[in-house]
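Here's a quick briefing on a ligand and the space around it. Have a look at the model first, then read on.

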Amino acid sequence: MAEVVLVDTEADAGALAAASIRALIARKPDAVLGLATGSTPLSVYAALAASLTADALDVSRVRGFALDEYVGLPAGHPESYRSVIMRDAVVPLGLNPENIQVPNGDLATLQTAGLDYEAAILAAGGVDVQILGIGRTGHVGFNEPGSSFASVTRIKTLAEKTRVDNARFFASPDDVPIHCMTQGLGTILRARHLILLAFGQEKADAIAAAVEGPVSSSKPGSVIQLHPHVTVIVDEAAAARLGNLDYYRYAWANKHAWQGI
Ligand code: PGA
């Protein structure tokens, strides 16, 4: 089962995830990070940036793959996920932009972009740790309800709810692209460690479905139940609909320090 860790604040969540990723980079200097966009992972990037700076850890060989990208935004658009990943993660962490890949949402190469991205992940030896948020629809990456658990990187249609949620980044809701290129649930399952974070009551249903609901492609987050190493880090509000909270708290409180997450 997924390990569920309850934290008081987003900063606590960021510190926990960052400590694990920092340890990974220390033992594997060319680690492959699975990078997520959105508000959720910001505390992880902030804590990791602070820790990497304090330690002066060499990150020049660290590699990264983003989860998803909008289709059809002009190159350099500030809300393209390439731009967002550079701004939110690559620059603060001091990573080499040449080591970072983002799915290609260029209309001209859409037909081959998915398989090209899969090939690049394979060539890198796979993702060591994948940071994940979850949408109100239950999506991970942009895998909206109905996505196959075997899916690989491909074009998807964004749910209206997702476009509404992401409209805050655009001048008008109509400017949010309808299509995206996203790693599939099958791609995500091949990452060696998944860290899923969620904060706030609007994520409580999606977290309950992902962690404790039936495994169903109608609830894409439930794919985590098929993975051998998952850490779910949530605040009390996002955890509010979980049924086994007492057990999660008990297990965390009694964990050996050497176990890590
Ligand atoms: P958020 O998005 O981190 O901005 O809440 C999460 C998601 O849509 O996966």
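**Ligand and pocket at a glance**

The ligand takes up the space that is the largest pocket. Keep in mind that this is a predicted model. The notes below start at the ligand and then move out to the pocket walls.

**Who surrounds the ligand**
- Going along the chain, the residues around the ligand are Gly-38, Ser-39, Thr-40, Gly-133, Ile-134, Gly-135, His-139, Arg-168 and Lys-203.
- Sorted by class, that shell comes out as six polar, two charged and one nonpolar residue.

**Polar contacts to ligand oxygens**
- Lys-203 has a side-chain N or O atom 2.6 Å from an oxygen atom of the ligand.
- For His-139, the distance from a side-chain N or O atom to a ligand oxygen is 2.7 Å.
- Arg-168 also takes part, with a side-chain N or O atom 3.0 Å from an oxygen atom of the ligand.
- As for cover, the ligand taken alone exposes 280 Å², and the protein buries 82% of that.

**The pocket itself**
- The largest pocket holds about 630 Å³ of space.
- Its lining is made up of 32 residues, and those nearest the centre of the pocket are Thr-37, Gly-38, Ser-39, Asn-166 and Arg-168.
- Three elements give two or more residues to this lining: β4 (68-70), α3 (81-93) and α5 (160-166).
- The top contributor is α3, which gives four residues to the lining of the largest pocket.
- Split by class, the lining has 12 nonpolar, 10 polar and 10 charged residues.

**Where the two lists meet**
- Gly-38, Ser-39 and Arg-168 are among the residues surrounding the ligand, and they are also among those nearest the centre of the largest pocket.

Conventions. Residues are numbered from 1 along each chain as its sequence is written. This is a predicted model: local features need pLDDT of at least 70, side-chain atom pairs count only at pLDDT 80 or more; totals for chains, interfaces and linings use all residues. Side-chain values use heavy atoms; hydrogens and water are left out. A residue is near a molecule or strand if one of its heavy atoms lies within 4 Å of it. A polar contact is a pair of N or O atoms within 3.5 Å; within protein, one must be able to donate a hydrogen and the other to accept it, and residues adjacent in sequence count only if both atoms are side-chain atoms. Accessible areas come from the Shrake-Rupley method with a 1.4 Å probe; for residues, only the protein chains shown count as cover. On a 1 Å grid over the protein atoms alone, a cavity is a set of points where a 1.4 Å probe fits but cannot get out, and a pocket is an open set with protein on both sides within 12 Å along at least five of seven lines; lining residues have an atom within 4 Å of a point. A molecule sits in a cavity or pocket if more than half of its atoms lie within 2 Å of its grid points. Ala, Val, Leu, Ile, Met, Phe, Trp, Tyr, Cys and Pro count as nonpolar, Asp, Glu, Lys and Arg as charged, and the others, Gly among them, as polar. Grid points are joined across faces, edges and corners, and a volume is the space filled by probe spheres set on the points.
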